[in-house]
Amino acid sequence: MSLNLSPEMAQTIEDEAEKYGLSNAKYLRALIREAQSSPFDPTDSDVDLVVDDSDVEDAQKGAA
């Protein structure tokens, strides 16, 4: 499978993937699983994308 992306979109994906320490492919798979209309089970992923630093801190502390 391949995707045709604008250079700007490709760069944004690369930047975001790097922020999470993921490959572009793994980052995109995580986004697809987390999309509201996704037919895939988000719990099948070993990746948990967080929105801000407070989410990172909470994830590092563990479940409350």
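Begin by selecting residues 7-19, which form helix 1 in this predicted model; the helix has 13 residues and reaches 18 Å from its first C-alpha to its last, close to the 18 Å expected at 1.5 Å a residue. Just after helix 1, select Gly21, whose phi is positive, at about 70 degrees.

Next, add residues 24-34, which make up helix 2, and look at how the two helices are placed: their axes come within 9 Å and cross at roughly 90 degrees. Because angles of 65 to 115 degrees count as roughly perpendicular, helix 1 and helix 2 are described as roughly perpendicular to each other. To see the contact itself, show the side chains of Ile13, Glu14, Glu16 and Ala17 on helix 1, together with those of Asn24, Tyr27 and Leu28 on helix 2, since these are the residues that make the contact. If you colour them by class, four residues of this contact are nonpolar, one is polar and two are charged.

Finally, turn to the largest pocket, where about 170 Å³ of space lies. Which residues line the largest pocket? Select Met1, Ser2 and Leu3, and then add Ala25, Leu28, Arg29 and Ile32, to display its lining. By class, this lining divides into five nonpolar residues, one polar and one charged. Leu28 deserves a second look, as this residue belongs to the lining of the largest pocket and also takes part in the contact of helix 2 with helix 1.

Note on methods. Residues are numbered from 1 along each chain as its sequence is written. This is a predicted model: local features need pLDDT of at least 70, side-chain atom pairs count only at pLDDT 80 or more; totals for chains, interfaces and linings use all residues. Side-chain values use heavy atoms; hydrogens and water are left out. Helices (H or I, at least four residues) and strands (E, at least two) are DSSP runs, numbered from the N terminus. The expected span of a helix is 1.5 Å times one less than its number of residues. On a 1 Å grid over the protein atoms alone, a cavity is a set of points where a 1.4 Å probe fits but cannot get out, and a pocket is an open set with protein on both sides within 12 Å along at least five of seven lines; lining residues have an atom within 4 Å of a point. Grid points are joined across faces, edges and corners, and a volume is the space filled by probe spheres set on the points. Ala, Val, Leu, Ile, Met, Phe, Trp, Tyr, Cys and Pro count as nonpolar, Asp, Glu, Lys and Arg as charged, and the others, Gly among them, as polar. Axes are lines fitted to C-alpha atoms, for helices over the stretch in contact, and angles run from 0 to 180 degrees between N-to-C directions. Angles under 35 degrees count as roughly parallel, over 145 as roughly antiparallel, 65 to 115 as roughly perpendicular and the rest as oblique. Contact means heavy atoms within 4.5 Å.
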